[in-house]
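Let's take a walk through a protein model together. Have the structure open on your screen so you can follow along.

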Amino acid sequence: MTLRARFIAILTVTLPVTVFAQAPGNAIAPPIPTGPPLVAPVEVQPTTWVEGSNITLSEGAALPTQPGYVLSDAVWPGTPIRSGSACNFDQQDGSNGFLPNPASVSIMSGAYFSGRLGPTIPAFNYVLASLRQTWDLGSTMTINGPTPGSWEFVADLTGANIVTNYGNWFAGGAFFLRYNWTESGSFFMPYTQGGVGAVLNDAYKTPWQKAVGQEFEFYLHVEAGVKCFITPNLSLDFEGGLQHISNGGLARRNYGVNAFGGSVGLTYHFGG
């Protein structure tokens, strides 16, 4: 056998053996893919929320589905930009829907005199001074919109000097609900108010009178007044009505005091 024939015979025997030895004994052919082709996911950038700003969506963008998203917050290309807060707390008047800041601060002084309303008592007259802070509660809404005028909540601190022959002083506080009968900006602003509170006093120490029976007494108000604006922020106030002092039957002596009188004072209005 020639040298060439020997070389071909060796290759014929050894090549299949070598290939078979390199393959794993349990090798399985890979599966052929079936079904629709796979699509790589598209990366979505999260929306950046900015207070007082709007959201702009590009053409063809999907509507976000995050909780709290409002369609009116999105500005589509070609539409006017709407001003306002992305959080949708703002009201049409620009407020944020929460309790507003104090609307005014007042200093009042006046005199009240016990009248003939109710049981007869010895005269109970007093001179008082009051410090008040007021919060604007807005107008009453009807089917046709807000009514003229506005409601106010008033916190009052009062101290009084009793000028008749039993007792020397009383002091305490009250809360009022007030209605202003004209809109802001009027030169004259009439109002009515009702209030409830409590006072401490020393008149109960006089045993022969039946008007004031204990140190703690309730203090009720039914009054009307008018604000006369000197400047946009400052008004001269005139007020008068009925004040009632009694203990509501908590003590044996409880004829009570019904006093009529009036006060005058100054009020500073914030943001006038």
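What follows goes from the overall fold to a core and then to one residue.

## The barrel

Keep in mind that this is a predicted model. In it, 8 strands close into a barrel, and going round you meet them in the order β3-β4-β7-β8-β9-β10-β11-β12. The pairing is antiparallel, and the twist from one strand to the next averages 25°. Strands of a sheet pair through backbone hydrogen bonds, either parallel or antiparallel.

For a close-up of one pair, try β8 (residues 169–180) and β9 (residues 188–201): they run antiparallel and are joined by 11 bridges. If you pick out R178, its bridge partner in β9 is Q193.

## The largest nonpolar core

Which residues have the most contacts inside the largest nonpolar core? They are F124, Y126, F170, I245 and V257, in a core of 17 residues. Strands β4 (125–138), β7 (150–162) and β12 (257–269) each supply at least two residues of this core.

Y126 is a good one to click on. Setting aside residues up to four places away in sequence, Y126 touches a list of residues including F170, I245, A160, I162 and A259.

## A closer look at S106

Now find S106 in strand β3 (residues 102–114). Is S106 buried or exposed? S106 counts as buried because its relative accessibility is 4%, and the cut-off for buried is under 20%.

The side chain of S106 also makes a polar contact with the side chain of T267, at 2.6 Å. Beyond its neighbours within four places in sequence, S106 is in contact with S130, L131, R132, D237, L266 and T267.

Conventions:
Residues numbered from 1 in each chain as written. Predicted model: local features only at pLDDT ≥ 70, side-chain atom pairs only at ≥ 80, totals over all residues. Heavy atoms only, no water. Helix = DSSP H or I, 4+ residues; strand = E, 2+ residues; numbered from the N terminus. Buried < 20%, exposed > 50% of the residue type's maximum accessible area, 1.4 Å probe, protein only. Polar contact = N/O pair within 3.5 Å; in protein donor to acceptor, adjacent residues only side chain to side chain. Contact = heavy atoms within 4.5 Å. Core = buried A, V, L, I, M, F, W, Y, C linked by side-chain atoms within 4.5 Å. Pairing = 2+ DSSP bridges. Axes fitted to C-alpha atoms, helices over the stretch in contact; angles between N-to-C directions.
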